[in-house]
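Here are my notes on the model you sent over. Have a look at the structure first, then go through the points with it open.

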Amino acid sequence: GGYHTCALKTDGTVYCWGANYNGQLGDNTDVNRYTPVQVKGVNGKDYLTNVIQVAAGHNHTCALKTNGAVYCWGDNPFGQLGDNTNTNRYTPVQVKGVGGEGYLTDITQISAGGANTCALKTDRTVYCWGLNDFGQLGDNANTNRYTPVQVKGVGGEGYLTDITQISAGGYHTCALKTNGAVYCWGNNSFGQLSDNTDINRYTPVQVKGVGGEGYLTDITQIS
C-alpha cells in the first residue's frame, strides 16, 4: 500500500504492518506496527478468515473471501471501503452491492488503488467504488461512489466485458481482456492510459501499440 503491507497466509488469515493512522492494518487500533499484526474480523470479533486475496491501497485494504464477498478497512473519506459511508473503519466491513442493495457477490479478483477499489466478477464484468475525480471508476462520471458502480464500455456504450484481470493505480485503472487487449480509464496527465493523448477518460480506452501504431496485443498480465 501507500505506507503499509499485508500478507495472506495458507490458512486464509491476513497479517498487516506499517502505517495505521486510518486503521489500514485492520487490528482495531490506529497504532503503527513495526511487525505483523493479524487482521480482526467484522466489528473486531475474532479474526478475518477464509481469505483468498488481499489488496492494499494507499491508506485502505481489501480482502476477497472464498465465497466471493469483499471486505475492506481503513481510510474511507471517498467511499473506497464500499460500505455506503465515508467513515474510516478499523476492522473489516463488507462491501455493499450496487446502489447499496445487499452485498457485492461472485467476485474473483480485487484491486485497491489510491482511494478507489475495483472488483472483477465471475461473469467478467468490472465494478469500482471510491474516489472518482479523474474518472477512475469508469462509470462515465466524476462523482465519488460509496457503493460499487459497473464500469462502462468504450465511449460509454454498454459495459466492459470479457475481462480477465484488473489493476487500479493511484488515479487510474486498467483491465485485461480475454483477447489480450488492454483498456484503461481515469487520470491521463502523463499518458498513463496510453491512448496517445493526455486527456482524462471517464470510460475505457484501448491501449495503443508501440509508437501509437495499432493496439497493444497478446498481453497476459497488467499492473
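The points below cover the salt bridges and then two of the sheets.

1. Before anything else, keep in mind that this is a predicted model. Read the distances and percentages below in that light.

2. How many salt bridges does the structure hold? The count is four, and I'll go through three of these below. As a reminder, side chains of opposite charge can pair when their charged atoms come close.

3. Start with D27 and R33, whose side chains form a salt bridge at 2.9 Å, N to O. Is D27 buried or exposed? With a relative accessible area of 7%, D27 is buried. R33 is partly exposed, at 26% relative accessibility.

4. Next, look at D83 and R89. These two make a salt bridge as well, and their closest N and O atoms lie 2.9 Å apart. D83 has a relative accessible area of 7%, so it falls under the 20% cut-off and counts as buried. R89, at 26%, is partly exposed.

5. Then there is R201 with D195, where the salt bridge spans 2.8 Å from N to O. D195 is buried at 9% relative accessibility, while R201 comes out as partly exposed at 23%.

6. On to the sheets. Strands of a sheet pair through backbone hydrogen bonds, either parallel or antiparallel. One open sheet here is built from four strands, ordered β8-β9-β10-β11, and the pairing is antiparallel. At its edges sit β8 (107-112) and β11 (145-150), each pairing on one side only. Ignoring direction, neighbouring strands of this sheet are turned by 20° against each other on average.

7. Zoom in on the β10/β11 pair of that sheet. Strand β10 covers residues 126-130 and is joined to β11 by three bridges, with the two running antiparallel. Which residue in β11 is the bridge partner of G130? That would be R145.

8. Another open sheet of four strands follows the order β12-β13-β14-β15, and its pairing is antiparallel. The edge strands in this case are β12 (163-168) and β15 (201-206), and each of them pairs on one side only. From one strand to the next, the twist averages 20°.

9. Within this second sheet, check β14 (residues 182-186) against β15: they pair in the antiparallel sense over three bridges. Y183 is the residue to click on, as it stands opposite Q206 in β15. While you are there, R201 from point 5, the partner of D195 in a salt bridge, is within the 201-206 range of edge strand β15.

How values were computed: Residues numbered from 1 in each chain as written. Predicted model: local features only at pLDDT ≥ 70, side-chain atom pairs only at ≥ 80, totals over all residues. Heavy atoms only, no water. Buried < 20%, exposed > 50% of the residue type's maximum accessible area, 1.4 Å probe, protein only. Pairing = 2+ DSSP bridges. Axes fitted to C-alpha atoms, helices over the stretch in contact; angles between N-to-C directions.
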